[in-house]
Amino acid sequence: MQKKVATPELPIRILKIGTCPSLSDRSQLTYHIGRHADEIHVRIIQNSGNGQFNADWVPIALIEKLLSAHAADQPITSRAMQPIFRSKSSNSPAFLFAALKSEGLVLAGTEKDSGYILGNIEAFRQSVLAMIASDTDLSAQAEPPAEQSKKKRSSKDAA
């Protein structure tokens with residue numbers, strides 16, 4: 001299901017358009033990584049399934065703060081992202097977490113159902129810096145596809 005993209009308050013240059021499976025592996029998500037000034041942001045923009053989500057830009061600094069505040073001896077789950085999406089779609093934390101997993105910011109635990117562990121944030125930063133240095137700007141390509149009209153076919157068309 002396509003979600004209308006929220007207009008960011010700041011002009012954000014899109015550095016990457018990525019796709020990943022949802023944590024449940026029931027749908028495919030599309031996400032953006034972008035930059036404004038010296039801040040890196042991420043947002044979910046599309047879900048191939050029916051789940052609603054919030055498409056606002058989220059600063060990586062806030063995500064990093066929430067991940068690093070998590071107890072080191074406890075597995076991390078998508079619940080760590082809930083403070084970002086208070087009073088918004090309940091799918092948003094898990095969808096954002098799936099994008100973080102895709103980018104290597106969180107890694108699956110070694111045992112089945114053991115949650116996630118903190119990934120390599122520095123490697124993520126280096127890849128983003130490389131995109132910035134190469135003047136990557138995918139903003140023009142990031143426009144969501146127009147929703148297709150759901151026009152009923154007449155009985156004449158079916159024949």
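Biologist: By class, what makes up the lining of the largest cavity?

Modeller: Eight nonpolar residues, no polar ones and one charged residue. Nonpolar means Ala, Val, Leu, Ile, Met, Phe, Trp, Tyr, Cys or Pro; charged means Asp, Glu, Lys or Arg; the others, Gly among them, are polar. The lining residues are Y31, I33, V42, I60, A99, L100, E103, L105 and F124. E103 is a Glu, which means that it counts as charged.

Biologist: What kind of model is this, and how is it numbered?

Modeller: It is a predicted model, where local features need pLDDT of at least 70, side-chain atom pairs count only at pLDDT 80 or more, and totals for chains, interfaces and linings use all residues. Residues are numbered from 1 along each chain as its sequence is written, and side-chain values use heavy atoms, with hydrogens and water left out.

Biologist: What makes a space a cavity?

Modeller: A 1.4 Å probe must fit but be unable to get out, tested on a 1 Å grid over the protein atoms alone; a lining residue has an atom within 4 Å of a grid point. The search of the whole structure finds one cavity of 30 Å³ or more. The largest cavity has a volume of about 40 Å³, where volume is the space filled by probe spheres set on points joined across faces, edges and corners.

Biologist: Which elements supply at least two residues of that lining?

Modeller: Strand 2 (28–36) and helix 2 (92–102) each do. Helices are DSSP runs of H or I with at least four residues, strands are E runs with at least two, and both are numbered from the N terminus. The protein chain has four helices and six strands. Their pattern along the sequence is β-β-β-β-α-α-β-β-α-α.

Biologist: Why is S92 called buried?

Modeller: Buried means under 20% relative accessible area, exposed over 50%, and partly exposed in between, with a 1.4 Å probe and protein chains only. S92 has 2% relative accessibility, so it is buried. S92 lies in helix 2. Leaving out residues up to four places away in sequence, S92 touches F53, N54 and F85; a contact means heavy atoms within 4.5 Å.

Biologist: How do you know that helix 2 is largely enclosed by the rest of the structure?

Modeller: Eight of its eleven residues are buried, so the description holds for helix 2. They are S92, P93, F95, L96, F97, A98, A99 and L100. Across the protein chain, buried residues make up 39% of the 159 residues.

Biologist: What makes A37 stand out?

Modeller: A37 has a positive phi of about 55°, yet is not a glycine. Most residues other than glycine have a negative phi. A37 sits in the loop between strand 2 and strand 3 (39–47). Its relative accessible area is 52%, so A37 is exposed.

Biologist: Where is S87, and why is S87 called exposed?

Modeller: S87 is in the loop between helix 1 (60–69) and helix 2. Its relative accessibility is 82%, so S87 counts as exposed. S87 also has a positive phi, near 60°, without being a glycine.

Biologist: How do you know that strand 1 and strand 2 pair?

Modeller: Pairing needs at least two DSSP bridges between two strands. Strand 1 (residues 13–21) and strand 2 have eight, and they run antiparallel. C20 stands opposite L29 in strand 2. The two strands form a hairpin with six residues between them, and D25 in the turn has a positive phi of about 65°.

Biologist: What joins strand 2 to strand 3?

Modeller: Eight bridges, in the antiparallel sense. Y31 faces I44 of strand 3 across this pairing. Their hairpin has two residues between the strands.

Biologist: What is the strand order in the open sheet, and why are strand 1 and strand 4 (58–59) called edges?

Modeller: The order is 1-2-3-4, with antiparallel pairing. Strand 1 and strand 4 each have a single partner strand, so one side of each is left without a neighbour in the sheet.

Key: On a 1 Å grid over the protein atoms alone, a cavity is a set of points where a 1.4 Å probe fits but cannot get out, and a pocket is an open set with protein on both sides within 12 Å along at least five of seven lines; lining residues have an atom within 4 Å of a point.
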